[in-house]
Amino acid sequence: MATGKLQEVLPPVLDSTSEQPTLFDGTTRMYVTYTCPYAQRTWIARNYKGLQDKIKLVPINLQNRPTWYKEKVYPGNKVPSLEHNNEVKGESLDLLKYIDSNFEGPALLPDDPAKEEFAEELLSYSDTFNSVNYRSFPQETVPDEVGATCDHLESALSKFDDGPFFLGQFSMVDIAYAPFIERFQNFFLELRKYDIATGRPKLAAWIEELKKIDAYTQTVQDPKVLLEGYKKRYLHDRRAISKPSIIRRVPLCRSLSQE
């Protein structure tokens, strides 16, 4: 199994004071934020396919973002985005498929119609999984619907028996879920004393197997930093828990154009 073992020195983060890089010069660039789970998806895919030398990482500081990013790179003003062949594309799930189709390296989906169909089902469900869990962050107890989403994944992991991952072998589906399960497990365990893997042996095994994938571990950020960010974003005012505008909050990298 290819795991993207090439270790790289990560480039410095660009902010509003940083000079604009040369654009549309034939270099393929992936614009990310190191702490953004959506950007982490595409970063993992890049590493897994061994594209560290083919796709340059360009990290953006979302709290103090450069104006040229929206004006000259990606009008959506979110991460991730990919500059390739003089075009810029966005949306993490779309980019996973684009990277898989347009670059060399191990395939991110198996050549199996049943698995491809199941992959589409799980990729579609990922938005529901993420929104339910993020919506629960301001609440003082973990709602039943969080457990239900984790039960859904536990059941999904039982679909194929030729490996510990969603499609048996590591795939685009695992990449899509990995950044979020990582964060949700940390948040609920540290702040709610609730482990999403308890009583779910397939999910627990999946989490452990994921730690063996270099392409993923190379993208993992300090969990304490991630946790503090979520605490500031979701828990700064307990009185705001009942406000829909707070409950619907998503990671900054997804709501960047509205902030």
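**Exercise 1.** In this predicted model, determine which helices the buried residues of α7 pack against, and on how much of an arc around the axis of α7 these residues lie.

*Solution.* Begin by listing the buried residues of helix α7, which spans residues 201-210: they are L203, W206, I207 and L210, where buried stands for under 20% relative accessible area. Next, look at their directions around the helix axis: they cover an arc of only 100 degrees, which puts them on the same side of α7. Finally, trace their contacts, and the buried residues of α7 are found to pack against α5 (144-156), α6 (172-192) and α8 (214-217).

**Exercise 2.** Work out the strand order of the open sheet of four strands, and explain why one side of β2 and of β4 is left without a neighbour in the sheet.

*Solution.* Reading across the open sheet gives the order β2-β1-β3-β4, and the pairing is mixed. Because β2 (56-59) and β4 (87-90) stand at the edges and each has a single partner strand, one side of each lacks a neighbour in the sheet. Neighbouring strands of this sheet are, on average, turned by 25 degrees against each other when direction is ignored.

**Exercise 3.** Describe how β1 pairs with β2, and then place helix α1 relative to these strands.

*Solution.* Strand β1, residues 29-32, pairs with β2 in the parallel sense over four bridges; within this pairing, R29 has K56 of β2 as its bridge partner. Helix α1 (residues 37-48) lies across β1 and β2, and runs at about 145 degrees to β1. Helix α3 (residues 92-102) also packs on the sheet, where it touches β1, β3 (81-84) and β4, with its direction making about 30 degrees with that of β3.

Note on methods
Residues are numbered from 1 along each chain as its sequence is written. This is a predicted model: local features need pLDDT of at least 70, side-chain atom pairs count only at pLDDT 80 or more; totals for chains, interfaces and linings use all residues. Side-chain values use heavy atoms; hydrogens and water are left out. Buried means under 20% relative accessible area, exposed over 50%, partly exposed in between (1.4 Å probe, protein chains only). Helices (H or I, at least four residues) and strands (E, at least two) are DSSP runs, numbered from the N terminus. The arc is that of the directions from the helix axis to the C-beta atoms. Contact means heavy atoms within 4.5 Å. Two strands pair if DSSP finds at least two bridges between them. Axes are lines fitted to C-alpha atoms, for helices over the stretch in contact, and angles run from 0 to 180 degrees between N-to-C directions.
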